[in-house]
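Work through the exercises below with the sequence and the structure open. Each task is followed by a solution in steps.

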Amino acid sequence: MPTAAQKDIDERTNLTGSNKFEMLLFRLGNAAGTERSELFGINVFKIREIVAMPTVTAMAGAPQHVLGVVNLRGQVIPVIDLPAVVGCVPKSGLNIMLVTEYARTTQAFAAEAVEDIVRLDWKQILSADEAMARGFVTSIARLDGDQNTTRLAQILDVESILQRILPADQADLKANSSGPALKLRPGAIILAADDSFVARAMIEQELKALQLPYEMTKTGQEAWNRLQAIAAECQAQGLELRERVALVLTDLEMPEMDGFTLTRNIKKDPAMRGLPVVIHSSLTGDTNEQHVRSAGADAYVAKFAARELDVALRDALARYEAVVA
């Protein structure tokens with residue numbers, strides 16, 4: 001008989017099949033020069049644990065905004081001053097530490113207070129405009145739906161924050177090609193989807209290194225709409241979709257429609273079923289990677305492992321005979 005805790009875990013896990021997710025809401029203090037304390041959010045699946053702020057050991061020569069390190073049950077992890085990163089001033093201090101897992105790395109973010117955990121549909125998430133996306137906000141959550149008076153929460157682009165504060169091994173991030181240039185059928189493209197400005201730039205860099213023509217979208221919904229439009233054009237011209245789209249490369253967490261839903265939509269559509277899908281996400285861990293497999297994706301690559309992405313794209317394209325000599 002499943003326990004109440006197990007039922008709760010199973011219920012949260014099943015959200016990935018319904019274009020829903022749970023978001024942790026927290027506060028970082030007042031915006032600089034104001035008395036406003038705005039809400040920020042992060043996907044619960046990326047939170048490993050939340051603990052009271054422990055004693056932090058300062059590191060000599062630490063990057064800006066890195067408070068130091070903590071020893072959490074034998075694992076030494078860096079602690080980032082999140083309010084300082086986004087320009088907020090905590091009213092009551094740094095009281096909470098959010099321990100997160102991104103792209104198979106563990107780090108902690110200092111925050112002022114945790115507010116709540118809310119269950120949302122990805123349709124309630126809107127892309128941030130280009131100016132915000134180039135900063136640290138990737139999207140805006142409408143917490144009460146589409147009401148005019150809805151509360152808003154800013155979803156931080158943690159990938160961008162980590163890349164700026166704790167840049168990963170540059171050798172691994174650098175676009176590379178492990179073999180000869182790939183040549184798709186004439187007129188075919190790679191359709192990519194990612195809501196992070198930093199991620200899109202890195203994906204474009206890698207696809208250019210492979211000399212693969214591509215089209216970039218910012219949400220799963222935008223990618224799905226584009227696929228449907230291309231499929232309709234192909235049907236009218238008597239072509240197969242694979243003659244226009246060789247592969248879909250998608251993130252998981254995206255406004256309007258997540259990558260799980262996008263992948264399932266593709267795999268259950270008779271006109272698209274033969275289209276390879278590669279997931280490229282910072283949402284890692286055994287449970288999340290199992291979700292990727294259950295959605296029907298052909299491969300999973302953790303951000304930002306350029307070498308792994310190169311291999312995954314080559315394997316998927318070869319398996320579906322999407323490349324030509």
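**Exercise 1.** Is R119 buried, partly exposed or exposed? Then find its salt-bridge partner and place both residues in the fold.

*Solution.* The model is a predicted one.
- Step 1: The relative accessibility of R119 is 36%. Buried means under 20% and exposed means over 50%, so R119 counts as partly exposed.
- Step 2: The side chain of R119 forms a salt bridge with that of E22, at 2.7 Å from N to O.
- Step 3: R119 belongs to strand β9 and E22 to strand β1, and the pair links parts of the chain 97 residues apart.
- Step 4: E22 has a relative accessibility of 9%, so it counts as buried.

**Exercise 2.** Describe the surroundings of D121, a residue of strand β9.

*Solution.*
- Step 1: Strand β9 covers residues 113–121.
- Step 2: With a relative accessible area of 16%, D121 is buried.
- Step 3: Leaving aside residues up to four places away in sequence, D121 touches S18, N19 and K20.
- Step 4: One of these contacts is polar: the side chains of D121 and K20 come to 3.4 Å.

**Exercise 3.** How many aromatic pairs does a search of the whole structure find? Characterise each.

*Solution.*
- Step 1: The search finds 2 aromatic pairs.
- Step 2: In the pair F21 and W122, the ring centres are 3.9 Å apart and the planes lie at 15°, so the pair is stacked.
- Step 3: F21 sits in strand β1 (residues 20–31), while W122 sits in the loop between β9 and β10, so this pair ties together parts that are 101 residues apart in sequence. Both F21 and W122 are buried.
- Step 4: F26 and F40 are also stacked, with 6.3 Å from centre to centre and 25° between the planes.
- Step 5: F26 is in strand β1 and F40 in strand β2, so the pair joins parts 14 residues apart in sequence. F26 is buried at a relative accessible area of 2%, and F40 is buried at 4%.

**Exercise 4.** What does the side chain of T150 reach? Add the neighbouring salt bridge of D144.

*Solution.*
- Step 1: T150 is in the loop between β11 and β12. Its relative accessibility of 15% makes it buried.
- Step 2: Beyond four places in sequence, T150 touches R142, L143, D144 and G145.
- Step 3: The side chain of T150 reaches the backbone nitrogen of D144 at 2.8 Å. A polar atom of that T150 side chain also lies 3.4 Å from the backbone nitrogen of L143.
- Step 4: The side chain of D144 meets that of R151 in a salt bridge of 3.4 Å, N to O. D144 is partly exposed at 31%, and R151 is partly exposed at 43%.

**Exercise 5.** Which strands are the edges of the open sheet of 5 strands?

*Solution.*
- Step 1: The order is β14-β13-β15-β16-β17, with parallel pairing.
- Step 2: β14 and β17 each pair on one side only, so these are the edge strands.
- Step 3: Neighbouring strands of the sheet are turned by 20° against each other on average, direction ignored.
- Step 4: β13 and β14 pair over 4 bridges. L191 has E215 in β14 as its bridge partner.

**Exercise 6.** Where do E253 and K46 lie?

*Solution.*
- Step 1: Their side chains meet in a salt bridge at 2.4 Å, N to O.
- Step 2: E253 lies in the loop between β15 and α8, and K46 in the loop between β2 and β3, 207 residues apart.
- Step 3: Both E253 and K46 are buried.

Note on methods: Residues numbered from 1 in each chain as written. Predicted model: local features only at pLDDT ≥ 70, side-chain atom pairs only at ≥ 80, totals over all residues. Heavy atoms only, no water. Helix = DSSP H or I, 4+ residues; strand = E, 2+ residues; numbered from the N terminus. Buried < 20%, exposed > 50% of the residue type's maximum accessible area, 1.4 Å probe, protein only. Polar contact = N/O pair within 3.5 Å; in protein donor to acceptor, adjacent residues only side chain to side chain. Contact = heavy atoms within 4.5 Å. Phe/Tyr/Trp six-rings, centres within 6.5 Å; stacked < 30°, edge-to-face > 60°. Pairing = 2+ DSSP bridges. Axes fitted to C-alpha atoms, helices over the stretch in contact; angles between N-to-C directions. Salt bridge = Lys/Arg side-chain N within 4 Å of Asp/Glu carboxyl O.
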